[in-house]
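Welcome! Please take a look at the structure below, and then we can walk through a few of its details together.

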Amino acid sequence: MTRIFITTMLALLALVATPAPREIALYNDTTADSAMLYLYPADGDAVDTAILVCPGGGYSHLAMEHEGYQFAQWLNSLGITAAVLRYRMPEGHCEVPGDDARRAMKMLRDIDGIARVGIMGFSAGGHLASTVATHYDAESRPDFQVLFYPVISMDEGLTHHGSRNNLLGTAPTPEAVALYSNEKQVTRDTPPAIIFHSDDDRSVPVENAIGYYRALHAAGVPASMHIFPTGGHGWGFRDSFTHKTQWMSALEDWLAATRQ
């Protein structure tokens with residue numbers, strides 16, 4: 001209990017003390033809707049880990065605060081460099097968000113001292129994170145993945161229909177549905193994962209998380225899953241989520257274990 005209290009206090013202090021992030025354009029285009037990276041470097045000579053944070057929003061908008069900046073500041077309190085990705089919306093081009101995330105992963109790998117780069121995503125941002133974790137090249141492969149109430153499948157009976165429609169259109173081909181159903185793209189080389197979801201999520205069925213976990217387990221990929229009995233969808237870093245201290249403690253322990 002004491003450790004959780006200390007961790008929570010450090011996170012609150014980080015929210016107050018963390019300076020404004022460094023803004024990095026992914027491409028030469030710097031218009032209002034262009035892809036941007038908001039970098040929060042962690043302090044200290046021992047910082048060797050960075051995490052790319054992908055907010056959710058159904059591939060129509062981005063929840064940059066409670067699924068982005070607040071998480072980056074908390075990660076800083078753990079000695080982890082974080083970067084929040086403002087990725088472009090698909091708008092008829094399903095490859096665009098993944099292209100942005102893979103480019104951002106490569107940029108983080110180029111930071112001096114960073115040896116490990118993970119990816120974190122929420123809801124549709126969880127779909128994006130799991131897409132990068134299953135559709136990557138050598139430079140963009142995450143070392144680990146952290147998924148909160150993720151959209152995983154594009155199958156009709158499982159998916160979040162708003163995310164599917166915005167990513168693939170209202171009449172996607174069976175090939176596109178299979179390609180972006182990431183539970184079907186897992187291999188033994190998929191990076192380790194920790195997954196959080198709520199059993200009463202009415203927006204993104206918990207079967208998305210369960211199906212992905214089962215695929216990882218079947219492929220021999222280390223995976224951890226935490227399903228909370230209540231909370232619904234989209235809680236992110238909000239204090240109103242009853243199980244906040246539980247996910248914080250579980251994720252802190254898991255991230256520490258990945259560094260050993």
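## The end of helix H5

Let us begin just past a helix: Gly169 follows H5 and has a positive phi, near 90°. Keep in mind as you read that this is a predicted model.

## One side of helix H5

Helix H5 spans residues 161-168, and its buried residues are Ser163, Arg164, Leu167 and Leu168. These residues cover an arc of only 95° around the axis, so they lie on the same side of H5.

What covers these buried residues of H5? The cover includes H3, H4 and helix H6 (174-179).

## A salt bridge from helix H5

One of the buried residues of H5, Arg164, also takes part in a salt bridge. Its partner is Glu156, and the closest N and O atoms of the two are 3.2 Å apart.

Is Arg164 buried or exposed? Its relative accessibility is 10%, and because buried means under 20%, Arg164 counts as buried. Glu156, by contrast, has a relative accessible area of 48% and is partly exposed.

## More charged pairs

Side chains of opposite charge can pair when their charged atoms come close. In this model the count of salt bridges comes to eight, and two further examples are worth finding on your screen.

One of them joins the side chains of Asp137 and Lys106, at 3.0 Å from N to O. This pair links distant parts of the chain, 31 residues apart: Lys106 sits in helix H3 (residues 96-109), while Asp137 sits in the loop between helix H4 (124-134) and strand S6 (145-148). Asp137 is partly exposed, with a relative accessible area of 34%, and Lys106 is also partly exposed, at 28% relative accessibility.

The other joins Lys244 and Asp239, whose closest N and O atoms are 2.5 Å apart. Here Lys244 counts as buried, at 10% relative accessibility, whereas Asp239 counts as exposed, at 63%.

## Where helices H2 and H8 meet

Two packed helices are described by the angle between their axes and the distance between the axes. For helix H2 (residues 65-77) and helix H8 (residues 244-258), the angle is about 55° and the axes are 12 Å apart. That angle makes H2 oblique to H8, and the crossing of the two helices is right-handed.

Which residues meet here? From H2 come Phe71, Trp74 and Leu75, and they meet Trp247, Met248, Leu251, Glu252 and Leu255 in H8.

How values were computed: Residues numbered from 1 in each chain as written. Predicted model: local features only at pLDDT ≥ 70, side-chain atom pairs only at ≥ 80, totals over all residues. Heavy atoms only, no water. Salt bridge = Lys/Arg side-chain N within 4 Å of Asp/Glu carboxyl O. Helix = DSSP H or I, 4+ residues; strand = E, 2+ residues; numbered from the N terminus. Buried < 20%, exposed > 50% of the residue type's maximum accessible area, 1.4 Å probe, protein only. Arc of directions from axis to C-beta. Contact = heavy atoms within 4.5 Å. Axes fitted to C-alpha atoms, helices over the stretch in contact; angles between N-to-C directions. Parallel < 35°, antiparallel > 145°, perpendicular 65-115°, else oblique. Left-handed = near helix turned anticlockwise from the far one by under 90°.
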